[in-house]
Amino acid sequence: MKHIDSGPSTPGKFKMEKSPYNRLRLHSSLAKLTFWSFVFLGLIFVFFFRSPSSSSPVPSDLSRRSLRTSSYGGPNFEKRVRASAKIRSRNGISVLVTGAAGFVGTHVSAALKRRGDGVLGLDNFNDYYDPSLKRARQALLERSGVFIVEGDINDAALLKKLFDLVSFTHVMHLAAQAGVRYAMENPSSYIHSNIAGLVSVLEVCKNVNPQPAIVWASSSSVYGLNTKVPFSERDRTDQPASLYAATKKAGEEIAHTYNHIHGLSLTGLRFFTVYGPWGRPDMAYFFFTRDILKGKSIPIFEGANHGTVARDFTYIEDIVKGCLAALDTAEKSTGSGGKKKGPAQLRVYNLGNTSPVPVADLVSILEKLLKVKAKRLVMKLPRNGDVQFTHANISLAQRELGYKPTTDLQTGLKKFVQWYLSYYVDGKKSAQ
(Lines give C-alpha, C1' and ligand atoms only; values in the text may rest on other atoms or scores of the structure.)
Protein backbone atom coordinates (compact mmCIF):
# COMPACT_ATOMS: atom_id res chain seq x y z
CA MET A 1 0.00 0.00 0.00
CA LYS A 2 2.99 2.29 0.46
CA HIS A 3 3.39 3.00 -3.26
CA ILE A 4 -0.21 4.27 -3.48
CA ASP A 5 -0.02 6.48 -0.41
CA SER A 6 3.25 8.06 -1.54
CA GLY A 7 2.05 9.00 -5.02
CA PRO A 8 1.81 12.68 -6.04
CA SER A 9 -1.47 14.47 -5.32
CA THR A 10 -1.52 16.32 -8.62
CA PRO A 11 -3.90 14.56 -11.06
CA GLY A 12 -2.40 13.37 -14.34
CA LYS A 13 1.26 13.16 -13.21
CA PHE A 14 1.24 9.74 -11.64
CA LYS A 15 1.81 6.68 -13.88
CA MET A 16 0.82 3.32 -12.43
CA GLU A 17 3.02 0.38 -13.35
CA LYS A 18 1.39 -2.17 -15.59
CA SER A 19 1.77 -5.27 -13.44
CA PRO A 20 -0.64 -8.17 -12.86
CA TYR A 21 -0.87 -7.10 -9.23
CA ASN A 22 -1.99 -3.57 -10.16
CA ARG A 23 -4.51 -4.90 -12.67
CA LEU A 24 -5.91 -7.12 -9.95
CA ARG A 25 -6.14 -4.15 -7.57
CA LEU A 26 -7.87 -2.12 -10.28
CA HIS A 27 -10.45 -4.85 -10.92
CA SER A 28 -10.99 -5.21 -7.18
CA SER A 29 -11.56 -1.45 -6.77
CA LEU A 30 -13.98 -1.38 -9.68
CA ALA A 31 -15.90 -4.31 -8.18
CA LYS A 32 -16.17 -2.55 -4.82
CA LEU A 33 -17.22 0.69 -6.50
CA THR A 34 -19.90 -1.17 -8.47
CA PHE A 35 -21.15 -2.97 -5.35
CA TRP A 36 -21.48 0.17 -3.21
CA SER A 37 -23.08 2.03 -6.10
CA PHE A 38 -25.84 -0.57 -6.22
CA VAL A 39 -26.22 -0.41 -2.44
CA PHE A 40 -26.50 3.37 -2.57
CA LEU A 41 -29.06 3.28 -5.39
CA GLY A 42 -31.02 0.65 -3.47
CA LEU A 43 -31.17 2.88 -0.40
CA ILE A 44 -32.36 5.78 -2.52
CA PHE A 45 -35.09 3.55 -3.98
CA VAL A 46 -36.24 2.41 -0.52
CA PHE A 47 -36.21 5.93 0.93
CA PHE A 48 -38.13 7.61 -1.86
CA PHE A 49 -40.39 4.92 -3.23
CA ARG A 50 -41.25 2.62 -0.37
CA SER A 51 -44.19 3.50 1.90
CA PRO A 52 -43.38 4.01 5.59
CA SER A 53 -45.56 1.01 6.38
CA SER A 54 -46.12 -1.98 4.18
CA SER A 55 -49.79 -1.92 5.09
CA SER A 56 -50.53 1.69 4.23
CA PRO A 57 -49.83 3.89 1.21
CA VAL A 58 -47.77 7.04 1.36
CA PRO A 59 -50.12 9.98 1.93
CA SER A 60 -49.89 12.60 -0.77
CA ASP A 61 -50.40 15.46 1.67
CA LEU A 62 -47.17 15.86 3.63
CA SER A 63 -49.00 17.81 6.34
CA ARG A 64 -50.87 14.61 7.22
CA ARG A 65 -47.89 12.29 7.54
CA SER A 66 -46.46 11.09 10.82
CA LEU A 67 -43.24 12.68 12.00
CA ARG A 68 -41.85 9.17 12.19
CA THR A 69 -42.02 8.92 8.40
CA SER A 70 -41.77 12.51 7.24
CA SER A 71 -41.24 15.89 8.82
CA TYR A 72 -44.24 18.04 9.43
CA GLY A 73 -43.59 21.63 8.72
CA GLY A 74 -43.05 24.02 5.94
CA PRO A 75 -44.67 27.42 5.58
CA ASN A 76 -48.07 26.11 4.48
CA PHE A 77 -48.44 23.62 7.32
CA GLU A 78 -47.34 26.11 9.96
CA LYS A 79 -49.61 28.78 8.52
CA ARG A 80 -52.63 26.48 8.70
CA VAL A 81 -51.84 25.47 12.28
CA ARG A 82 -51.45 29.05 13.49
CA ALA A 83 -54.49 30.32 11.60
CA SER A 84 -56.70 27.58 13.01
CA ALA A 85 -55.46 28.19 16.58
CA LYS A 86 -55.75 31.98 16.37
CA ILE A 87 -58.04 33.51 19.00
CA ARG A 88 -60.69 35.78 17.46
CA SER A 89 -62.61 36.97 20.52
CA ARG A 90 -61.54 39.30 23.32
CA ASN A 91 -61.54 36.72 26.11
CA GLY A 92 -60.99 33.69 23.94
CA ILE A 93 -58.80 30.68 24.61
CA SER A 94 -56.57 28.60 22.37
CA VAL A 95 -57.42 24.90 22.51
CA LEU A 96 -55.77 21.77 21.17
CA VAL A 97 -58.58 19.24 20.68
CA THR A 98 -57.40 15.65 20.41
CA GLY A 99 -59.80 13.24 18.74
CA ALA A 100 -61.21 16.22 16.87
CA ALA A 101 -62.68 14.08 14.07
CA GLY A 102 -64.54 11.95 16.59
CA PHE A 103 -68.18 12.39 17.59
CA VAL A 104 -67.75 14.58 20.68
CA GLY A 105 -64.54 16.14 19.34
CA THR A 106 -66.25 17.46 16.23
CA HIS A 107 -69.10 19.07 18.15
CA VAL A 108 -66.81 20.59 20.79
CA SER A 109 -64.41 21.96 18.16
CA ALA A 110 -67.24 23.55 16.19
CA ALA A 111 -68.73 25.13 19.32
CA LEU A 112 -65.39 26.59 20.39
CA LYS A 113 -64.77 28.00 16.92
CA ARG A 114 -68.25 29.57 16.77
CA ARG A 115 -67.61 31.60 19.88
CA GLY A 116 -64.24 32.88 18.66
CA ASP A 117 -61.76 30.58 20.36
CA GLY A 118 -58.65 29.29 18.63
CA VAL A 119 -59.00 25.59 17.83
CA LEU A 120 -56.52 23.10 16.40
CA GLY A 121 -57.57 19.50 15.94
CA LEU A 122 -55.51 16.33 16.12
CA ASP A 123 -56.79 12.90 15.04
CA ASN A 124 -55.31 9.66 13.70
CA PHE A 125 -58.42 8.70 11.67
CA ASN A 126 -58.22 5.04 12.67
CA ASP A 127 -60.61 2.46 11.28
CA TYR A 128 -62.37 1.35 14.48
CA TYR A 129 -65.46 2.47 12.58
CA ASP A 130 -65.96 3.77 9.05
CA PRO A 131 -63.22 6.40 8.52
CA SER A 132 -65.32 8.11 5.83
CA LEU A 133 -67.61 9.41 8.58
CA LYS A 134 -64.59 10.95 10.30
CA ARG A 135 -63.49 12.48 6.99
CA ALA A 136 -66.96 13.98 6.56
CA ARG A 137 -66.70 15.49 10.04
CA GLN A 138 -63.26 16.80 9.13
CA ALA A 139 -64.66 18.50 6.04
CA LEU A 140 -67.41 20.02 8.17
CA LEU A 141 -64.87 21.49 10.58
CA GLU A 142 -62.53 22.72 7.87
CA ARG A 143 -65.38 24.73 6.35
CA SER A 144 -65.63 26.54 9.69
CA GLY A 145 -61.90 27.17 9.86
CA VAL A 146 -60.74 24.28 12.07
CA PHE A 147 -57.64 22.48 10.78
CA ILE A 148 -57.18 18.86 11.89
CA VAL A 149 -53.61 17.58 11.90
CA GLU A 150 -53.47 13.88 11.12
CA GLY A 151 -51.26 12.15 13.65
CA ASP A 152 -51.15 9.97 16.74
CA ILE A 153 -51.20 11.27 20.31
CA ASN A 154 -48.31 8.90 21.06
CA ASP A 155 -46.13 10.78 18.58
CA ALA A 156 -44.20 12.91 21.09
CA ALA A 157 -42.28 14.77 18.39
CA LEU A 158 -45.51 15.84 16.70
CA LEU A 159 -47.06 17.04 19.97
CA LYS A 160 -43.93 19.02 20.80
CA LYS A 161 -43.93 20.64 17.36
CA LEU A 162 -47.56 21.72 17.71
CA PHE A 163 -46.79 23.32 21.08
CA ASP A 164 -43.73 25.00 19.55
CA LEU A 165 -46.01 26.57 16.97
CA VAL A 166 -48.86 27.53 19.33
CA SER A 167 -48.95 28.43 23.02
CA PHE A 168 -52.17 26.57 23.80
CA THR A 169 -53.94 27.81 26.91
CA HIS A 170 -56.04 24.63 27.11
CA VAL A 171 -56.10 21.05 25.89
CA MET A 172 -59.39 19.21 25.34
CA HIS A 173 -58.23 15.61 25.34
CA LEU A 174 -60.94 13.47 23.74
CA ALA A 175 -58.82 11.01 21.75
CA ALA A 176 -59.38 7.48 23.01
CA GLN A 177 -60.20 3.95 21.97
CA ALA A 178 -63.92 3.75 22.64
CA GLY A 179 -66.30 0.83 22.99
CA VAL A 180 -66.74 -1.73 25.74
CA ARG A 181 -67.08 -4.89 23.63
CA TYR A 182 -64.20 -4.25 21.20
CA ALA A 183 -61.76 -4.60 24.11
CA MET A 184 -62.30 -8.36 23.95
CA GLU A 185 -61.01 -8.35 20.36
CA ASN A 186 -58.20 -5.82 20.53
CA PRO A 187 -57.15 -5.09 24.12
CA SER A 188 -53.79 -3.56 23.16
CA SER A 189 -55.50 -0.69 21.34
CA TYR A 190 -57.02 0.45 24.65
CA ILE A 191 -53.65 0.44 26.40
CA HIS A 192 -52.05 2.29 23.48
CA SER A 193 -54.68 5.02 23.25
CA ASN A 194 -56.26 5.38 26.68
CA ILE A 195 -53.21 4.93 28.90
CA ALA A 196 -50.04 5.47 26.86
CA GLY A 197 -51.77 8.19 24.81
CA LEU A 198 -52.92 10.07 27.90
CA VAL A 199 -49.41 9.92 29.35
CA SER A 200 -47.96 11.26 26.07
CA VAL A 201 -50.31 14.25 26.20
CA LEU A 202 -49.57 14.94 29.86
CA GLU A 203 -45.84 14.65 29.28
CA VAL A 204 -45.75 17.36 26.63
CA CYS A 205 -48.10 19.55 28.69
CA LYS A 206 -45.96 19.31 31.82
CA ASN A 207 -42.83 20.40 29.94
CA VAL A 208 -44.13 23.46 28.08
CA ASN A 209 -44.19 26.95 29.56
CA PRO A 210 -46.77 28.05 30.34
CA GLN A 211 -48.47 24.74 31.01
CA PRO A 212 -52.01 24.49 29.61
CA ALA A 213 -55.07 23.54 31.63
CA ILE A 214 -56.35 20.12 30.58
CA VAL A 215 -59.91 18.82 30.33
CA TRP A 216 -60.20 15.18 29.33
CA ALA A 217 -62.81 12.53 28.70
CA SER A 218 -63.16 9.90 31.37
CA SER A 219 -66.30 7.74 31.32
CA SER A 220 -69.34 6.68 33.32
CA SER A 221 -68.02 3.14 32.85
CA VAL A 222 -65.65 3.71 35.80
CA TYR A 223 -68.59 3.04 38.13
CA GLY A 224 -68.46 -0.56 36.95
CA LEU A 225 -70.37 -2.98 39.11
CA ASN A 226 -71.75 -0.38 41.52
CA THR A 227 -75.36 -1.04 42.48
CA LYS A 228 -75.95 2.26 44.28
CA VAL A 229 -77.76 4.76 42.05
CA PRO A 230 -77.58 7.45 40.92
CA PHE A 231 -73.80 7.32 40.46
CA SER A 232 -72.00 10.07 42.35
CA GLU A 233 -68.42 11.29 41.99
CA ARG A 234 -67.93 10.21 45.62
CA ASP A 235 -68.81 6.57 44.87
CA ARG A 236 -66.20 3.83 44.60
CA THR A 237 -64.74 3.22 41.15
CA ASP A 238 -62.51 0.22 41.84
CA GLN A 239 -64.72 -2.48 40.30
CA PRO A 240 -64.50 -2.02 36.52
CA ALA A 241 -66.62 -4.37 34.44
CA SER A 242 -64.55 -4.02 31.25
CA LEU A 243 -61.03 -3.30 30.08
CA TYR A 244 -62.29 -0.02 28.64
CA ALA A 245 -63.54 0.98 32.08
CA ALA A 246 -60.25 -0.09 33.65
CA THR A 247 -58.26 2.11 31.27
CA LYS A 248 -60.46 5.11 32.07
CA LYS A 249 -60.08 4.45 35.79
CA ALA A 250 -56.32 4.20 35.27
CA GLY A 251 -56.49 7.53 33.45
CA GLU A 252 -58.06 9.19 36.48
CA GLU A 253 -55.26 7.91 38.71
CA ILE A 254 -52.62 9.01 36.20
CA ALA A 255 -54.23 12.47 36.11
CA HIS A 256 -53.98 12.64 39.89
CA THR A 257 -50.27 11.80 39.71
CA TYR A 258 -49.45 14.50 37.14
CA ASN A 259 -51.47 17.03 39.09
CA HIS A 260 -49.70 16.13 42.33
CA ILE A 261 -46.14 16.03 40.97
CA HIS A 262 -46.14 18.47 38.07
CA GLY A 263 -48.87 21.00 38.93
CA LEU A 264 -51.07 20.32 35.89
CA SER A 265 -54.64 21.61 36.12
CA LEU A 266 -56.79 18.59 35.24
CA THR A 267 -60.53 18.07 34.88
CA GLY A 268 -62.00 14.65 34.08
CA LEU A 269 -65.49 14.38 32.59
CA ARG A 270 -67.45 11.15 33.02
CA PHE A 271 -69.72 11.03 29.97
CA PHE A 272 -72.98 9.06 30.14
CA THR A 273 -74.05 7.41 26.83
CA VAL A 274 -73.71 10.35 24.46
CA TYR A 275 -75.90 10.33 21.33
CA GLY A 276 -76.93 12.64 18.52
CA PRO A 277 -76.17 13.71 14.92
CA TRP A 278 -72.75 12.68 13.57
CA GLY A 279 -72.64 9.98 16.25
CA ARG A 280 -70.66 6.76 16.50
CA PRO A 281 -71.91 3.79 14.41
CA ASP A 282 -70.97 1.33 17.18
CA MET A 283 -73.54 2.84 19.56
CA ALA A 284 -76.88 1.03 19.99
CA TYR A 285 -79.14 3.90 18.93
CA PHE A 286 -77.10 4.24 15.72
CA PHE A 287 -77.01 0.62 14.59
CA PHE A 288 -80.59 0.08 15.78
CA THR A 289 -81.64 2.81 13.33
CA ARG A 290 -79.62 1.22 10.53
CA ASP A 291 -80.93 -2.30 11.14
CA ILE A 292 -84.57 -1.27 11.62
CA LEU A 293 -84.47 0.44 8.22
CA LYS A 294 -82.88 -2.68 6.68
CA GLY A 295 -85.45 -4.99 8.25
CA LYS A 296 -82.85 -6.79 10.37
CA SER A 297 -83.41 -8.11 13.88
CA ILE A 298 -82.03 -5.99 16.70
CA PRO A 299 -80.88 -7.37 20.07
CA ILE A 300 -82.73 -6.16 23.15
CA PHE A 301 -80.74 -7.22 26.20
CA GLU A 302 -82.25 -7.97 29.57
CA GLY A 303 -80.60 -8.55 32.92
CA ALA A 304 -80.96 -11.44 35.35
CA ASN A 305 -84.56 -12.41 36.15
CA HIS A 306 -85.74 -10.40 33.11
CA GLY A 307 -84.28 -7.23 34.63
CA THR A 308 -84.50 -4.01 32.63
CA VAL A 309 -81.38 -2.70 30.88
CA ALA A 310 -81.40 1.12 30.96
CA ARG A 311 -79.04 3.92 30.02
CA ASP A 312 -78.72 7.57 30.99
CA PHE A 313 -78.78 8.83 27.38
CA THR A 314 -77.24 12.32 27.11
CA TYR A 315 -77.70 14.49 24.03
CA ILE A 316 -74.53 15.79 22.38
CA GLU A 317 -75.42 19.48 22.74
CA ASP A 318 -75.77 19.07 26.50
CA ILE A 319 -72.39 17.32 26.64
CA VAL A 320 -70.80 20.15 24.64
CA LYS A 321 -72.14 22.72 27.10
CA GLY A 322 -70.56 20.75 29.92
CA CYS A 323 -67.23 20.52 28.09
CA LEU A 324 -67.10 24.26 27.42
CA ALA A 325 -68.06 25.04 31.01
CA ALA A 326 -65.23 22.81 32.22
CA LEU A 327 -62.77 24.65 29.96
CA ASP A 328 -64.05 28.05 31.06
CA THR A 329 -63.77 27.25 34.78
CA ALA A 330 -60.41 25.48 34.54
CA GLU A 331 -57.72 27.24 36.55
CA LYS A 332 -54.18 27.71 35.27
CA SER A 333 -51.63 24.99 35.83
CA THR A 334 -49.01 25.84 38.45
CA GLY A 335 -45.92 24.04 37.16
CA SER A 336 -42.90 25.41 35.37
CA GLY A 337 -40.29 23.32 33.60
CA GLY A 338 -42.14 20.23 34.70
CA LYS A 339 -41.92 21.15 38.39
CA LYS A 340 -44.90 22.02 40.55
CA LYS A 341 -44.83 25.52 42.05
CA GLY A 342 -48.08 25.34 44.03
CA PRO A 343 -51.40 23.48 44.45
CA ALA A 344 -53.18 22.85 41.15
CA GLN A 345 -56.81 22.23 40.35
CA LEU A 346 -57.98 18.59 40.10
CA ARG A 347 -61.65 17.85 39.35
CA VAL A 348 -63.96 15.15 38.05
CA TYR A 349 -67.60 15.56 37.02
CA ASN A 350 -70.51 13.44 35.85
CA LEU A 351 -72.06 14.71 32.62
CA GLY A 352 -75.34 12.85 32.18
CA ASN A 353 -79.03 13.48 31.71
CA THR A 354 -80.25 12.09 35.09
CA SER A 355 -83.14 10.26 33.35
CA PRO A 356 -82.31 6.61 32.60
CA VAL A 357 -84.43 5.11 29.83
CA PRO A 358 -84.94 1.37 29.21
CA VAL A 359 -83.35 0.28 25.95
CA ALA A 360 -86.72 -1.19 24.91
CA ASP A 361 -88.23 2.32 25.15
CA LEU A 362 -85.41 3.66 22.99
CA VAL A 363 -86.44 1.18 20.30
CA SER A 364 -90.09 2.21 20.58
CA ILE A 365 -89.15 5.86 20.00
CA LEU A 366 -87.09 4.91 16.95
CA GLU A 367 -89.99 2.88 15.54
CA LYS A 368 -92.26 5.92 15.68
CA LEU A 369 -89.68 8.25 14.17
CA LEU A 370 -88.73 5.85 11.38
CA LYS A 371 -92.31 4.63 10.85
CA VAL A 372 -90.97 1.08 10.73
CA LYS A 373 -91.68 -1.80 13.12
CA ALA A 374 -88.52 -3.24 14.64
CA LYS A 375 -87.81 -6.95 14.69
CA ARG A 376 -86.85 -7.38 18.34
CA LEU A 377 -84.68 -10.23 19.51
CA VAL A 378 -84.68 -10.40 23.31
CA MET A 379 -81.39 -11.75 24.68
CA LYS A 380 -79.63 -12.15 27.98
CA LEU A 381 -77.06 -9.45 28.72
CA PRO A 382 -73.74 -11.07 27.78
CA ARG A 383 -70.67 -11.01 30.01
CA ASN A 384 -68.72 -8.75 27.69
CA GLY A 385 -68.29 -5.68 29.90
CA ASP A 386 -71.74 -4.16 29.48
CA VAL A 387 -73.50 -3.12 32.69
CA GLN A 388 -77.24 -3.32 33.32
CA PHE A 389 -77.86 0.38 33.99
CA THR A 390 -76.28 3.82 34.26
CA HIS A 391 -77.69 6.83 36.10
CA ALA A 392 -75.83 10.07 36.72
CA ASN A 393 -75.98 12.27 39.78
CA ILE A 394 -75.07 15.64 38.24
CA SER A 395 -75.48 17.86 41.30
CA LEU A 396 -71.74 18.65 41.47
CA ALA A 397 -71.60 19.67 37.79
CA GLN A 398 -74.76 21.73 38.25
CA ARG A 399 -73.28 23.55 41.21
CA GLU A 400 -69.74 24.15 39.92
CA LEU A 401 -70.17 24.24 36.13
CA GLY A 402 -73.75 25.46 35.79
CA TYR A 403 -74.40 22.26 33.86
CA LYS A 404 -78.07 21.66 33.10
CA PRO A 405 -79.14 19.17 30.40
CA THR A 406 -82.28 20.24 28.55
CA THR A 407 -82.83 17.62 25.82
CA ASP A 408 -85.04 14.60 26.46
CA LEU A 409 -84.53 11.36 24.53
CA GLN A 410 -87.56 11.86 22.27
CA THR A 411 -86.30 15.26 21.11
CA GLY A 412 -82.70 14.17 20.77
CA LEU A 413 -83.50 11.06 18.77
CA LYS A 414 -85.70 13.06 16.43
CA LYS A 415 -82.71 15.26 15.59
CA PHE A 416 -80.49 12.22 15.17
CA VAL A 417 -82.93 10.46 12.83
CA GLN A 418 -83.26 13.61 10.71
CA TRP A 419 -79.47 13.73 10.35
CA TYR A 420 -79.21 9.99 9.70
CA LEU A 421 -81.77 10.02 6.89
CA SER A 422 -80.13 13.07 5.36
CA TYR A 423 -76.62 11.62 5.52
CA TYR A 424 -77.18 7.95 4.73
CA VAL A 425 -80.45 7.87 2.78
CA ASP A 426 -80.81 11.19 0.96
CA GLY A 427 -77.02 11.41 0.69
CA LYS A 428 -76.97 7.88 -0.79
CA LYS A 429 -74.20 6.80 1.58
CA SER A 430 -74.02 3.17 2.64
CA ALA A 431 -74.18 2.63 6.38
CA GLN A 432 -71.86 -0.33 6.85
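Let's start with a pair that sits out of view: D291 and R290 are both buried. They are also partners, since D291 forms a salt bridge with R290, with the closest N and O atoms 3.0 Å apart. Keep in mind as you look around that this is a predicted model.

That pairing is part of a wider set, as the structure holds 15 salt bridges. Side chains of opposite charge can pair when their charged atoms come close. Take R115 and D117, whose side chains meet in a salt bridge at 2.4 Å, N to O. Here the two partners have their own settings: R115 is partly exposed, with a relative accessible area of 32%, while D117 is buried at 3%.

Now find R376 and E367, whose side chains meet in a salt bridge at 3.2 Å, N to O. R376 has 35% relative accessibility, so it counts as partly exposed. E367, with a relative accessible area of 10%, is buried because that value is under 20%. Salt bridges can also link up into a network, as they do for E78, R82 and K161.

Next, turn to the nonpolar residues. In soluble globular proteins, nonpolar side chains tend to be buried together. The largest nonpolar core in this model has 76 residues, and M172 and F271 are those with the most contacts inside it. What is F271 in contact with, leaving aside its neighbours within four places in sequence? The list runs V104, L174, A217, S218, S219, S220, I319, C323 and L351. Apart from this core lies another, of 32 residues, including Y72, A85, F147 and Y258.

Terms used:
Residues are numbered from 1 along each chain as its sequence is written. This is a predicted model: local features need pLDDT of at least 70, side-chain atom pairs count only at pLDDT 80 or more; totals for chains, interfaces and linings use all residues. Side-chain values use heavy atoms; hydrogens and water are left out. A nonpolar core is a set of buried Ala, Val, Leu, Ile, Met, Phe, Trp, Tyr and Cys residues joined through side-chain atoms within 4.5 Å. Buried means under 20% relative accessible area, exposed over 50%, partly exposed in between (1.4 Å probe, protein chains only). Contact means heavy atoms within 4.5 Å. A salt bridge is a side-chain nitrogen of Lys or Arg within 4 Å of a carboxyl oxygen of Asp or Glu.
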